[in-house]
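Here are three short exercises to try with the structure open beside you. Have a go at each task before reading its solution.

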Amino acid sequence: MGWSRGGISAHMLANAMADDPQLAHVPVNIFAIDPVPGINNLQPHRLHLRTNVKEYVGFFSRDERSKGFACVIPSTYPDTRVHIFPLPGRHATLVGNASADGASAGNELPDPGLIVRHFAETCLTRWGVTLQKRLELSEGQVADYLDAMDRDDARYRAMRKHSYTLLSESEGEHRLVHQGDMRKAFSFVRGAHMAPEEGLDVGLALAVVRASVLTPRHRSRPLLRPAIESTLQALPAGTIFCLGHRSGQRRSDGSGRLRPRGNHG
């Protein structure tokens, strides 16, 4: 599991394991949060994953525009189960910075960070990790957070005028990303090998999630599992996950939410 350069470190560690005769047989699962390699760091071991990666789950921030913060959606082998999801907000929004600009103090827009934490805990638990403290959000709570993100959409879009590096970059009106070796616009990352197939096409992908997260006030029938959870089916026992982060990058604010110390990953 890793955020920012920590997510890229997870890619690198998985590839190093694939090259090691003693570790190549070990199945790897990765949970990546907005993996960003930085400028001039687009080497193959950061952009591509090998056959030892059995499942890849990634959450990506739609509204980041800082130069040098183009994220990576790695290329994978056909047998790797790939689940990628877009969320509104900036790079640090997804890991608990709930400020209006995605960089300073404040608790105005916490919903993306809570969604990411919930599904990180869900995946890690499914992969055999014992966690002592979990959010364990209900389907109704997830639906409420999605409603809140819809309601605050204009505030998230306003974050695009801010930059951690003072300079900005984009691909047209979209965030610049790297899908394997290809430079792409954020919302054009999609494909049949992904679940959901809508990938980072924000309107379509969130519609899929919303259609599968129904509270009693939305429909008078039994709740469906969230699309995110329903696409993340259990893997065989014995799989592991990669943990990558920059030392000292995150701290607890006492509420159980993890916040970044800095904003540059």
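**Exercise 1.** Work out how the span of helix α3 compares with the expected one, and how enclosed the helix is.

*Solution.* Keep in mind that the model is predicted. Start with the length: α3 covers residues 111–126, which makes 16 residues. From the first C-alpha to the last, the helix reaches 23 Å, close to the 22 Å expected at 1.5 Å a residue. Next, check burial, where the cut-off is under 20% relative accessible area. In α3, 14 of the 16 residues are buried, so the helix is largely enclosed by the rest of the structure. Finally, look just past the helix: α3 is followed by G128, which has a positive phi near 100°.

**Exercise 2.** Is D152 buried or exposed, and what does D152 touch?

*Solution.* First, locate the residue: D152 sits in the loop between α4 (139–151) and α5 (153–158). Its relative accessible area is 9%, and with the cut-off at 20%, D152 is buried. Then list its neighbours. Leaving out residues up to four places away in sequence, D152 touches L109 and D111. The side chains of D152 and R151 also make a polar contact, at 3.4 Å.

**Exercise 3.** Find the strand order in the open sheet of three strands, and explain why β4 and β7 each have one side without a neighbour.

*Solution.* The order is β4-β6-β7, with mixed pairing. Both β4 (71–73) and β7 (182–185) stand at the edges with a single partner strand each, so one side of each lacks a neighbour in the sheet. On average, neighbouring strands are turned by 35° against each other, direction ignored. Now take one pair: β6 (residues 176–179) and β7 run antiparallel, joined by four bridges. Among them, Q179 has M182 in β7 as its bridge partner.

Technical notes: Residues are numbered from 1 along each chain as its sequence is written. This is a predicted model: local features need pLDDT of at least 70, side-chain atom pairs count only at pLDDT 80 or more; totals for chains, interfaces and linings use all residues. Side-chain values use heavy atoms; hydrogens and water are left out. Two strands pair if DSSP finds at least two bridges between them. Helices (H or I, at least four residues) and strands (E, at least two) are DSSP runs, numbered from the N terminus. Axes are lines fitted to C-alpha atoms, for helices over the stretch in contact, and angles run from 0 to 180 degrees between N-to-C directions. The expected span of a helix is 1.5 Å times one less than its number of residues. Buried means under 20% relative accessible area, exposed over 50%, partly exposed in between (1.4 Å probe, protein chains only). A polar contact is a pair of N or O atoms within 3.5 Å; within protein, one must be able to donate a hydrogen and the other to accept it, and residues adjacent in sequence count only if both atoms are side-chain atoms. Contact means heavy atoms within 4.5 Å.
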